[in-house]
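Subject: Structure for your review

Hello,

Here is the structure I said I would pass on. My notes on what turned up in it follow below.

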Amino acid sequence: MTTSPLPPFPAANENPLDTCRRLREIAPVVEVEFPGGVPAYLALTHDAVREILAGDNRTFLRDPRHWPALHDGSIPEDWPLRAIVEGGHLSTKDGADHRRLRGLIGKAFTPARVQALEPRVQQIVEGLLDDVVSAGEVVDLVPAFTEALPMWVICELFGVPAEDRPRMREWTATLLAHTTPPEEAFATQNALQAYLHQLAESKQREPGDDLTSDLVEARDEGDRLTTDELVGVLWLMLVAGHETTVHLLGHAIVALSQNPDQLELAKAGDRWADVVEETLRYRHSVMMTSWRFTAKEVTIAGVRVPEGQAVGVAFQAAGLDPAEHGESAERFDITRESNGRVGFGHGPRYCIGASLARLEGRLALAALYRRLPDLTLAVDPDDIPYSPSFFTVGPLSLPVSLGPVRP
């Protein structure tokens, strides 16, 4: 562990994005102190982030076994983020294991299969909006819409029963909040993993038309997928597969409410896909990805990082980097060129669910503003509470005035 004082991330009494902006002025990559007094490096510029994402998988590893501090006593056993780091899911796999697991999951997210989901996603969107419209003149869109849609879609895709979906949402929120006490984080992780084992067992007994049943079948074919790997895949897809889209929708609605000219452009030209892409740049759902670990000393954007160090990638900071996006980086502009963006990652770990997230975002926003064209925030944007996490960040509550309703 380092003994020199390091800047904390997130800083006390400061928005994590403001902390990122401040740190980016120091260097493209800065060593910071994470909650629990744990040092790690944070990449803050577009070039540094892209360099890491595109980097040699033999240099930037994801298996936490390659982080010595996690195992030599430097980081305490009760570190609150240990449950996330040691999750055992796809994002912690390297090399052949990563390629094998990704190949199995990728079959679920082919363009054809995602396109085939569009009618069902549209049906879910319209049903949720029916409930929103009937709820009253002022509605909190987070539980009613932005949270409900991605959770419903991903759980339906993986065969999670409807009665279990609220628990899935609660487990996710608890695990991703860096303010969760260690004992609660570990208890939540254990409960979630136990549930996923039960889900896999139930699909083995009674297979369905869902991706969990497909993964169970792959496991039972032989050594292609172990039970622990299956549970790890389910963990990642059910947690990350909905949480990021929840916040994508919330950020988009806030940005459009603050930029009515961009909202009118989107309505006039049916440019909801552009809204999704610009939202990912302007206010990414992921403040920071889980860590990578350096297998050897490496220089990132001119900054030397020693071997065996953890490196985080700050997507929100990269999206607002003026060196990449110019003086207008802090402006929400759906006409902006999207070439070279890293909203869904880059390289061999490009987001496997990107096409589904894009589909959900496009359909949800188009339907929302078609049926509620005069929708406005019912609170000052500065009063909107945001999730207590530096992994995924988005509105926890989004009260809106509906205005006149259209069919």
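**Helix α16**

Helix α16 is mostly covered, with 13 of its 18 residues buried. The helix runs over residues 354–371, and its end C-alpha atoms lie 26 Å apart. That agrees with expectation, because 18 residues at 1.5 Å a residue should span 26 Å. Please keep in mind throughout that this is a predicted model.

**Salt bridges**

How many salt bridges does a search of the whole structure find? The search finds 20. Side chains of opposite charge can pair when their charged atoms come close. Three of the pairs are described here, followed by a network.

E330 forms a salt bridge with R21, and the closest N and O atoms are 2.9 Å apart. E330 sits in the loop between α15 (322–325) and α16, while R21 belongs to helix α1 (residues 16–24), so the pair ties together parts that are 309 residues apart in sequence. Both partners have some access to the outside: E330 is partly exposed, with a relative accessible area of 38%, and R21 is partly exposed as well, at 21%.

R169 pairs with E243, the closest N and O atoms being 2.3 Å apart. This salt bridge also links distant parts of the chain, since R169 is in helix α8 (residues 165–176) and E243 is in helix α11 (residues 227–258), 74 residues apart. Are R169 and E243 buried or exposed? R169 is buried, and E243 is buried too.

K203 and D210 make another salt bridge, with 3.1 Å between the closest N and O atoms. Both K203 and D210 are buried. In addition, E126, D130, R370 and R371 are joined into one network by salt bridges that share partners.

**A negative patch on the surface**

E77, D78, E183 and E184 form a negative surface patch. Of these, E77 is placed in the loop between β3 (60–61) and α3 (82–85). Why does E77 count as exposed? Its relative accessibility is 61%, and the cut-off for exposed is over 50%.

**V254 in helix α11**

Helix α11, which holds E243 of the second salt bridge, also contains V254. V254 counts as buried because its relative accessibility is 6%, and buried means under 20%. V254 and A112 are 142 residues apart along the chain, and their C-alpha atoms are separated by 32 Å.

**Backbone points to check by eye**

Most residues other than glycine have a negative phi, and most peptide bonds are trans. The following places depart from that pattern.

- F9 and P10 are joined by a cis peptide bond, with omega about -5°. P10 lies in the segment before α1.
- N13 has a positive phi of about 60°, although it is not a glycine. N13 is likewise found in the segment before α1, and at 86% relative accessibility it counts as exposed.
- A301 has a positive phi of about 50°, and it is not a glycine either. A301 is placed in the loop between β6 (298–300) and β7 (303–305). With 28% relative accessibility, A301 counts as partly exposed.

Regards

Key: Residues are numbered from 1 along each chain as its sequence is written. This is a predicted model: local features need pLDDT of at least 70, side-chain atom pairs count only at pLDDT 80 or more; totals for chains, interfaces and linings use all residues. Side-chain values use heavy atoms; hydrogens and water are left out. Patches are made of residues with over 30% relative accessible area and no salt bridge: like charges are joined within 9 Å, nonpolar side chains (Val, Leu, Ile, Met, Phe, Trp, Tyr) within 5 Å. Accessible areas come from the Shrake-Rupley method with a 1.4 Å probe; for residues, only the protein chains shown count as cover. A salt bridge is a side-chain nitrogen of Lys or Arg within 4 Å of a carboxyl oxygen of Asp or Glu. Lys and Arg count as positive and Asp and Glu as negative; His and the chain ends are not counted. The place of a charge is taken as NZ of Lys, CZ of Arg, CG of Asp or CD of Glu. Helices (H or I, at least four residues) and strands (E, at least two) are DSSP runs, numbered from the N terminus. Buried means under 20% relative accessible area, exposed over 50%, partly exposed in between (1.4 Å probe, protein chains only). The expected span of a helix is 1.5 Å times one less than its number of residues.
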